[in-house]
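Let's take a walk through this protein together. Have the sequence and the 3D view open side by side.

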Amino acid sequence: MKEINVQEAFLEAGYQISPEAVDLIASHSSPKDLVCYILGHIDESVFVIEIEHIDIPSFESEYSTGQKADSGAASEASSQICSPVSQNSEATFGEVPLEPVISPSSDISKNESKVTCEVSSSTFSPSKKYSSSFPSGYGSKRSSDTGIHTNSNGNDNVNNINIMSDITDMSTCVGEYMEFVQYFRNRYSKLSDMIRGRITARPIESLNKNRKHGSGLKRSGGGDYSEVSIIGMVSEVRSTANGHKMLQLEDPTGSFLVLVHQAEKDLFEEASKIILDEVIGITGSLTNDGSLIIAKKLILPDLPNISHRREGTWGKAVFTSDVHIGSSTFLEKEWCGFLDFLNGKCDNEQMRELSKDIRFLVIAGDLVDGIGIFPGQEHELDILDIYDQYAKAAEYFSQVPEHIQIIISPGNHDAVRQAEPQPRFPERITSLFEDRIIFVGNPALVDLDGVQVLMYHGRSIDDLVASVPGVSYQEPEKAMIEMLKRRHLSPIYGSRVSIAPEKQDHFVIDTIPDILHCGHVHTIGIGRYKNVLAINSGTWQSQTEFQKRVNLMPTPAQVPIVDLSTLRTTLLHF
């Protein structure tokens with residue numbers, strides 16, 4: 001069993017693993033069975049598998065006994081736990097897609113001209129045997145965490161923070177069939193309700209019944225069928241031989257085909273941006289045989305045209321992400337310059353005055369570089385132990401002035417489960433930091449004294465760049481605007497992002513935020529859509545070896561600072 005496959009097996013189960021442990025497993029005569037044994041016996045409190053967690057004598061004893069008792073049963077059990085399963089990214093209500101492929105993350109999966117992403121050949125398959133990769137309450141709360149936090153800034157003012165939405169302590173899924181059914185039905189229900197206020201849609205089942213019986217849809221004068229509207233989840237997008245777009249939509253009652261004519265230029269351009277698993281509305285005319293809708297209008301869940309009121313709020317918030325502490329490409333000098341700025345240690349008087357107004361520091365994931373995230377990562381690390389990386393991060397954040405409230409969520413390089421939504425950091429990590437720091441999950445909706453910020457690390461940007469024309473890594477705010485239009489942070493299921501089938505779809509944008517804050521792609525992007533400010537906050541990591549190979553230049557050490565009363569944004573360079 002190759003070392004890379006050993007590493008991928010543990011990544012897919014939600015664990016990180018040290019290079020020494022990978023070598024030990026790969027050198028064993030039965031590495032696949034050893035991997036399955038470890039996953040079946042590992043304590044759920046462990047996040048990084050080290051050599052001391054690998055009990056080879058016990059494994060060999062149990063494995064040998066099992067072989068003698070029933071070698072066929074042992075082989076079958078091993079196959080059930082560790083063998084790949086087929087993947088289907090189409091959204092269904094009866095036949096539900098299986099678990100998505102996990103992508104072992106490179107530093108960032110992007111290229112200016114084409115998408116580059118390493119994908120594992122196996123799939124993420126949480127099982128009952130080691131469902132600790134989806135524990136309920138993974139990353140327990142501190143006793144002081146109540147959801148509402150206050151912090152005095154030293155000027156007799158208070159920084160009020162309310163955690164409005166967060167998966168932490170709410171995860172229940174173990175990857176069973178009905179959980180996928182429930183997840184997709186919840187997604188459809190939420191998003192279809194947003195569209196239903198704009199069109200009068202009928203169930204797809206009624207179209208199929210009328211087609212079968214040949215009645216009920218014709219105009220009184222005969223001829224063409226009447227205009228109809230449906231709402232469905234997109235299960236297929238393809239081009240016809242004549243260059244038209246053919247969509248298949250599903251709702252809980254059935255499925256139906258929709259044709260978008262190339263001649264309808266504006267509508268066809270809209271349809272070219274449709275992606276799998278999103279929920280849309282279609283208005284159009286039925287063909288004579290009732291088997292197809294010719295689309296005339298496409299309706300997304302989208303944001304309403306409303307203005308947000310932020311009465312009484314004041315001060316500024318700093319947004320950043322992808323610090324990657326522990327990496328050999330971490331920009332320590334620039335980071336320390338940023339900490340000096342927060343402490344008012346600047347030669348520039350204007351900068352000193354600006355630092356006095358800062359109330360919040362918001363970090364959207366990838367606090368550290370992690371270990372075992374991608375093959376050969378140990379050669380690009382200055383700090384080889386994951387907990388030493390977090391200890392160093394805690395040391396840095398202890399230097400942030402106490403009047404600035406810090407909020408941190410995880411990313412794909414952090415020591416939490418890889419499947420999203422991710423809970424906040426576990427107690428073993430949060431205990432390294434000062435109590436004043438607030439940890440939330442990914443995604444999380446946080447109210448900063450009247451300004452609502454939706455934090456999401458942003459892995460789905462990889463999917464949107466690959467699927468939506470005009471969206472690129474160089475302008476990540478465009479991908480974020482596509483999220484807002486679809487009212488969903490990660491619409492495509494089963495591609496680069498591994499999504500846990502929770503009872504509720506935590507990626508639906510129910511509450512419209514003032515600010516959508518993402519990271520992940522290592523490039524700065526700032527945009528605005530219907531009064532929502534979209535910020536991608538870049539990185540503190542210089543160009544990595546992977547980025548050099550694909551000729552990609554990040555935009556590191558740049559920090560957006562937002563005036564909370566006006567949402568005007570200033571970009572600082574360090």
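What follows starts with the overall picture and then moves on to salt bridges and the surface.

Keep in mind that this is a predicted model. The protein has 574 residues, and 59% of them are buried. Its secondary structure adds up to 14 helices and 20 strands. On the outside, the accessible surface is about 22800 Å², with 45% of that belonging to carbon and sulfur atoms.

How does the chain come together? If you take contacts between residues at least 6 apart in sequence, 72% of them join residues at least 24 apart. You can see one long-range pairing for yourself: Asn 160 and Asp 449 are 289 residues apart in sequence, yet their C-alpha atoms sit 4.8 Å apart. Asn 160 belongs to strand β4, residues 158–166, and is partly exposed, with a relative accessible area of 32%.

Now for the charges. Side chains of opposite charge can pair when their charged atoms come close. Across the whole structure, a search turns up 18 salt bridges. One of them joins Arg 187 and Asp 505, at 2.9 Å from N to O. Arg 187 is in helix α5 (residues 177–196) and Asp 505 is in the loop between α13 and β16, so this pair ties together parts that are 318 residues apart in sequence. Arg 187 is buried, at 0% relative accessibility, and Asp 505 is buried as well, also at 0%.

Next, find Asp 302 and Lys 530, whose side chains meet in a salt bridge at 3.6 Å, N to O. This pair links distant parts of the chain, 228 residues apart: Asp 302 is in the loop between β9 and β10, while Lys 530 is in the loop between β17 and β18. Here the two partners are not equally covered: Asp 302 is buried, with a relative accessible area of 14%, whereas Lys 530 is partly exposed at 28%.

For a local pair, look at Glu 482 and Arg 486, with their closest N and O atoms 2.4 Å apart. They are four residues apart in helix α13, so about one helical turn separates them. Both Glu 482 and Arg 486 are buried. They also belong to a network of salt bridges that includes Glu 278 and Lys 485.

Finally, turn to the surface, where Glu 264, Asp 266, Glu 269 and Glu 270 form a negative patch. Glu 270 is in helix α7, residues 265–271, and counts as partly exposed because its relative accessibility is 40%.

Methods
Residues are numbered from 1 along each chain as its sequence is written. This is a predicted model: local features need pLDDT of at least 70, side-chain atom pairs count only at pLDDT 80 or more; totals for chains, interfaces and linings use all residues. Side-chain values use heavy atoms; hydrogens and water are left out. Patches are made of residues with over 30% relative accessible area and no salt bridge: like charges are joined within 9 Å, nonpolar side chains (Val, Leu, Ile, Met, Phe, Trp, Tyr) within 5 Å. Accessible areas come from the Shrake-Rupley method with a 1.4 Å probe; for residues, only the protein chains shown count as cover. A salt bridge is a side-chain nitrogen of Lys or Arg within 4 Å of a carboxyl oxygen of Asp or Glu. Lys and Arg count as positive and Asp and Glu as negative; His and the chain ends are not counted. The place of a charge is taken as NZ of Lys, CZ of Arg, CG of Asp or CD of Glu. Helices (H or I, at least four residues) and strands (E, at least two) are DSSP runs, numbered from the N terminus. Buried means under 20% relative accessible area, exposed over 50%, partly exposed in between (1.4 Å probe, protein chains only). Contact means heavy atoms within 4.5 Å.
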